[in-house]
Amino acid sequence: MAVDGVVANLRVDLSLAPGVGTSNTITLYKNASPTSLSCTISNTATACTDLVNTVSVVPTDILAWSIAPTGTTVAAGAAVSSTFTGTNAGEVSIGGTTRTSANTLTYWALTGGREQTTNADGEGIAPTNFTLDKMYLASSAAPGVGTSYTITLYKNGSPTLLTATISGTGTTASELSTSVSFAPGDRFSIEGSPTGSPAARQYKWGFRFRPAIDGESMFTSADGIGYTANATRYPEMAGSLVNNTTEANAQAIAAVDFTLRKLYFLFAPVLTGSQQRSVTSRINGSSGTLTAAQNLGNPTPSDTTNSDAVTAGQFINWMTVPTGTPPANTTAAFSAVAYIAPPVLTPAVLVPSKFRVYGGKFNIFGGSTIFR
């Protein structure tokens, strides 16, 4: 985590029930310890929620979800979601985790995932104006004496000054003085660079995400993945991408009501002739209004006009549809904005104070109280 805030509104959905006499308990862990944010799916049920408990976090806290079975449960896919509300208006935390190879220069999507050998394969695309700063870095163990590992934020294929290095026997690092701004269509990724021969480790990073429009946050996913050239696929909203042929395997679950808007995506290689790839939002297995198509005349498609109202508990993902025999793509990235209108503060209300003046001269204008 890169900022103070509160995690809440846990929602979980399993693709298959755990089975009679068994259960799965899903719990948020903070700094390797279980928290109160937890719910249990038992027997033939497939979903659970915890809309009561909340967990406060501060910068450098490390979060993870645990799914603990009781009995011999059925193997199933899990969609787990929650909300994060920053203590300060207009800021949230965004980050990821990945496991590195010992001595390889690698790249990842901003939200983590599989290692990529080229930067382009890990690049996401910005759907709105925002800045990233307050970078915190942690590793599962020290890289080793005489060695180090550096994590760097990339923008449009070039390294930025937002970088941090864990060295020797250390396990944490940070860069708190540098800020990098992004505009719609800009690309971003994470580079991992070893010095010496550090052991393979799991690295975790967090950034402060500050949108130009209060109430916006970002879904982003990217991967160097070969989609089948001429078949419909269902990409995830966040994280690394998978070549999903079954929509249920790609669906995330909405933790709260929000508006989905500002779709941006990119594919490689470029298309020729009448070849086209379209991307459409999907809400509970039905197509939404957000849609755009990549073709020869529109290599960087977006939809900044339409929007979809998403209700808590609904399933969300993307759908890609090819036209005209496009080549199998080697890189894919999707981004959109989740918007929740910030609370409206009422104007100041002047509340007169009453005074009894026994002597002297006073100019009394009355006190005032701000009601919010």
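The torsion about the S-S bond of Cys39 and Cys48 is about 50°, so this disulfide (a pair of cysteine sulfur atoms within 2.5 Å) is right-handed. Welcome to a predicted model, in which local features need pLDDT of at least 70 and side-chain atom pairs count only at pLDDT 80 or more, while totals for chains, interfaces and linings use all residues. Residues are numbered from 1 along each chain as its sequence is written, and side-chain values use heavy atoms, with hydrogens and water left out.

**The disulfide**

- The sulfur atoms of Cys39 and Cys48 lie 2.0 Å apart, and a search of the whole structure finds one disulfide.
- Cys39 has 5% relative accessibility and so counts as buried (under 20% relative accessible area, with a 1.4 Å probe and protein chains only).
- Cys48 is buried too, at a relative accessible area of 10%.

**The four-stranded sheet**

- Four strands (DSSP runs of E, at least two residues, numbered from the N terminus) make an open sheet in the order S18-S25-S20-S23, with antiparallel pairing (strands pair if DSSP finds at least two bridges between them).
- Strand S18 (216–223) and strand S23 (302–310) are at the edges with a single partner strand each, so one side of each has no neighbour in the sheet.
- On average, neighbouring strands of this sheet are turned by 25° against each other, direction ignored; the axes are lines fitted to C-alpha atoms, and angles run from 0 to 180 degrees between N-to-C directions.

**Inside the sheet: S20 and S25**

- Strand S20 (residues 258–268) runs antiparallel to strand S25 (residues 331–339), and eight bridges join them.
- Phe267 has Ala332 as its bridge partner in S25.

Notes
Buried means under 20% relative accessible area, exposed over 50%, partly exposed in between (1.4 Å probe, protein chains only).
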